[in-house]
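Me: Could you take a close look at one part of this protein for me, starting with how its side chains meet? I would be glad if you then set that part in the wider picture.

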Amino acid sequence: LNIGKYYAVLFPFFFLTGCYISLYFLLFQHHIPKIYGADLAGAGVGALVVLLLMFWVNPFYLLAALLPLLAAAGLYHAPAPRKSRRALYLGALALLLLAGETVVVGFNRADFNEYKSIYPALHAPDSRIVQRIESPRGHFLVLDNFTERLDIDLSNNFAVLGAGGPPRTYGLYSDGNRITSLARDFDHDRSYVRAALDAFPYRLKPAPRVLLIGTRGGFRLQEALDLGATEVVALEPEETLYGLVRRGLSGSAVLADGRVTLSRQSPAMLAAQGDRRYDLIDIASDFLGQAEANKFAFTVEAVQGYYRQLSEDGVVSIPVSIREFTVYAVKTLETARRALAAEGVERPQDHILVYRSSWNARILVARTPFAPEAIARLRAFCSERSFDTSYYPGIDPNRVQIWNDLPQVSFSDQTVVSASDRASDALMEEALRLFSGDDAAILRPHLFNLEPSTYDRPFFYNVLDLQEIGSILQRIALIPREEIGHLINLAVLLQSVLFALAVLGLPLIRWRHARPAGRAIVKSILYFAGLGLGFLFLEILLIEKASFFLNDRTQGFAVVLTAMLVFSGLGSYASGAWLKDPHRGITLACAVIAGWIVLALAFLDALFLALLGL
């Protein structure tokens with residue numbers, strides 16, 4: 001129903017735009033290559049203009065900036081000066097523009113809905129907006145209220161350990177989703193770090209050279225130094241967050257410390273340079289959700305890159321949420337296992353440790369097998385803090401004490417399958433199954449496909465098996481919010497197919513006695529469907545590739561969309577040269593396209609990886 005409301009709002013605008021362009025085709029049939037070229041190239045330039053406007057204009061009010069362009073198009077069609085209708089026409093056009101702007105600005109009720117994480121924060125007592133940032137990457141708000149605390153996984157025993165609680169912070173939200181915390185001041189109590197889940201790797205590697213992937217709003221820089229790091233290279237690839245961290249920390253001693261370097265590079269860019277080795281590569285717990293392009297940091301190839309950057313006995317620390325259920329942890333475990341196997345490691349399970357709280361897990365991947373001393377340190381660390389050891393080489397499930405119950409849940413019948421009389425650790429059970437060689441059974445359970453992400457399939461939140469769509473819809477309340485987008489895409493696809501069939505069939509109503517042969521109708525439908533799907537398939541592929549290369553989804557989208565539309569427009573304009581021999585032009589175009597696709601399949605990834613270091 002809500003999708004239908006979007007259709008209702010968009011229909012008049014695009015219906016009339018379509019009529020406008022089609023009337024040009026009818027009036028100037030001999031100039032269709034030029035008209036279609038102007039249409040496509042104009043759309044590409046227009047997309048770029050909208051992108052630039054988003055640096056200054058709130059997305060809710062973008063339409064107000066576009067209405068004058070439509071009025072300008074109306075001026076182009078004004079009657080001749082001598083005609084009495086001209087004044088009436090121009091007056092009506094001005095009134096229409098004024099009415100449109102009044103509706104868009106005066107009656108705009110767009111707001112964050114109650115399901116966004118920003119909603120309760122905005123409505124907390126004495127909440128205030130510290131800063132607004134308009135950007136094509138998002139509508140960013142920095143909030144200050146009593147609910148904003150550093151989002152860190154602390155032991156329940158932090159007071160016993162002599163550690164403080166999480167400090168007060170600002171909250172940074174992008175499009176209504178909280179993405180990290182920002183420091184309010186630099187004199188807060190930092191003793192909390194001793195009780196943090198992600199502190200253990202620093203116990204394992206004293207005085208390490210550290211690569212931080214994400215800074216948790218800048219807090220991780222000082223935390224790493226407090227935990228004994230001798231050198232810290234920190235990556236904050238999201239441009240807005242990078243600027244906030246740098247400005248927020250400019251008055252502190254952290255960035256002035258010669259041991260700390262802050263960079264806008266992505267993990268893949270740094271790995272491509274291949275000239276540094278680290279004792280610890282530590283990924284921030286909130287890094288995945290901060291930007292769309294960060295999903296590439298949780299792929300098989302990314303973990304291989306981390307492995308190659310480790311010193312001889314170095315460790316990678318990978319965070320994963322188990323707040324909803326354990327499937328993402330299992331997927332991340334399989335990602336680590338595949339990466340190690342691809343690097344020639346014979347027994348990947350000897351290079352992996354897993355420990356957790358009630359809400360999050362940390363997966364440690366080592367260059368060399370974990371020694372008994374390292375395992376003993378992990379067990380002692382977790383025992384002191386009431387964390388759980390879910391996997392280590394040689395683990396005996398019957399001898400492991402479980403502090404935080406994590407029952408196994410069956411999504412087939414929506415029941416808890418673990419024992420009710422004692423605590424259980426579903427992640428431990430799944431890790432043991434995975435490393436026992438029974439990976440085929442665990443990676444494709446009912447409803448889920450837990451195959452790891454790769455650069456070609458980088459979608460971390462993509463575990464639903466759409467062959468089980470009926471069962472998924474019956475259990476929709478259990479599905480995490482991050483997975484719902486795929487179901488919406490499926491619904492929109494089905495609706496689009498139905499609308500497309502209706503639109504393609506409309507001309508048949510008008511033809512009656514002069515209806516073309518059935519073969520001509522089928523060829524026309526196949527032609528236009530093929531044209532649209534071909535554009536979409538190439539566009540989707542290239543947007544993902546460009547997002548990886550530029551490490552920015554917005555820039556990747558802008559580059560691909562603008563280039564495809566502008567160059568398609570130029571191609572349409574140039575096609576007029578083949579009007580006398582269209583078959584020759586079609587043959588040449590298809591041959592070049594097919595050859596270009598083959599070249600892209602063979603060399604595009606290698607070219608991107610070779611150029612990432614630049």
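Reply: Happy to. One cut-off helps before we begin: a residue is buried under 20% relative accessible area, exposed over 50%, and partly exposed in between. Please also keep in mind that this is a predicted model.

Let's start with the aromatic rings. Searching the whole structure turns up 23 aromatic pairs. One to look at is the pair of Y7 and F499: the ring centres are 5.2 Å apart and the planes meet at 70°, so the arrangement is edge-to-face, as planes over 60 degrees apart are classed that way. Y7 belongs to helix α1 (residues 2-27) and F499 to helix α16 (residues 481-511), so this pair ties together parts that lie 492 residues apart in sequence. How accessible is F499, at 49% relative accessibility? F499 counts as partly exposed, because that label covers values from the 20% limit up to 50%. Y7 is also partly exposed, with a relative accessible area of 30%.

Rings gather elsewhere too. F298, F325, Y328, F448, F460 and Y461 make up one aromatic cluster. One member of that cluster, F460, has K331 over its face, 5.5 Å from the ring centre. Another ring with a charge over it is Y307, where R367 lies over the face at 4.5 Å from the ring centre.

Next, a helix that can be checked against its expected length. Helix α18 (residues 553-574) has 22 residues and should span 32 Å at 1.5 Å a residue. The expected span is 1.5 Å times one less than the number of residues, and the end C-alpha atoms of α18 are 31 Å apart, so the model agrees with the expectation. At the start of α18, D552 offers a side-chain oxygen that comes within 2.8 Å of the backbone nitrogen of T554. T554 is also one of the buried residues of α18, along with G556, A558, V560, L561, T562, M564, L565, G569 and S572. What do the buried residues of α18 pack against? Their partners are α2 (32-53) and α17 (518-550).

Now for some polar side chains, beginning with two aspartates. D144 sits in strand β2 (residues 138-144) and is buried, at a relative accessible area of 9%. The side chain of D144 is joined to that of R184 by a polar contact of 2.5 Å. Setting aside neighbours within four places in sequence, the contacts of D144 include R168, T169 and Y170 as well as D126, S127 and R128.

D282 has its place in strand β8, where its relative accessible area of 1% makes it buried. Its side chain forms a polar contact of 3.1 Å with the side chain of R362. Beyond residues up to four places away in sequence, D282 touches Y202, L211, L212, I213, R220, S317 and R362.

Two loops complete the close-up. S386 lies in the loop between α12 (372-385) and β12 (388-391), and at 12% relative accessibility S386 counts as buried. A 2.7 Å polar contact links the side chains of S386 and N157. Leaving out neighbours within four places in sequence, S386 is in contact with S155, N157, W403 and N404. Its C-alpha atom is 45 Å from that of F608, a residue 222 positions away along the chain.

G274 is found in the loop between α9 (267-273) and β8 (278-283). With a relative accessible area of 41%, G274 is partly exposed. Its C-alpha atom lies 6.9 Å from that of Q309, although the two are 35 residues apart along the chain.

A word on cysteines. A disulfide is a covalent bond between the sulfur atoms of two cysteines. The structure holds zero disulfides. Among the cysteines, C382 is buried at 1% relative accessibility, while C590 is partly exposed at 47%.

Finally, the wider picture. The protein's secondary structure amounts to 19 helices and 14 strands, and its C-alpha atoms fill a box of roughly 90 × 55 × 50 Å along the principal axes. Of the 614 residues, 42% are buried. Among contacts with a separation of 6 or more, 65% come from residues 24 or more positions apart.

Note on methods: Residues numbered from 1 in each chain as written. Predicted model: local features only at pLDDT ≥ 70, side-chain atom pairs only at ≥ 80, totals over all residues. Heavy atoms only, no water. Phe/Tyr/Trp six-rings, centres within 6.5 Å; stacked < 30°, edge-to-face > 60°. Helix = DSSP H or I, 4+ residues; strand = E, 2+ residues; numbered from the N terminus. Buried < 20%, exposed > 50% of the residue type's maximum accessible area, 1.4 Å probe, protein only. Lys NZ or Arg CZ within 6 Å of the ring centre and 35° of its normal. Contact = heavy atoms within 4.5 Å. Polar contact = N/O pair within 3.5 Å; in protein donor to acceptor, adjacent residues only side chain to side chain. Disulfide = S-S within 2.5 Å.
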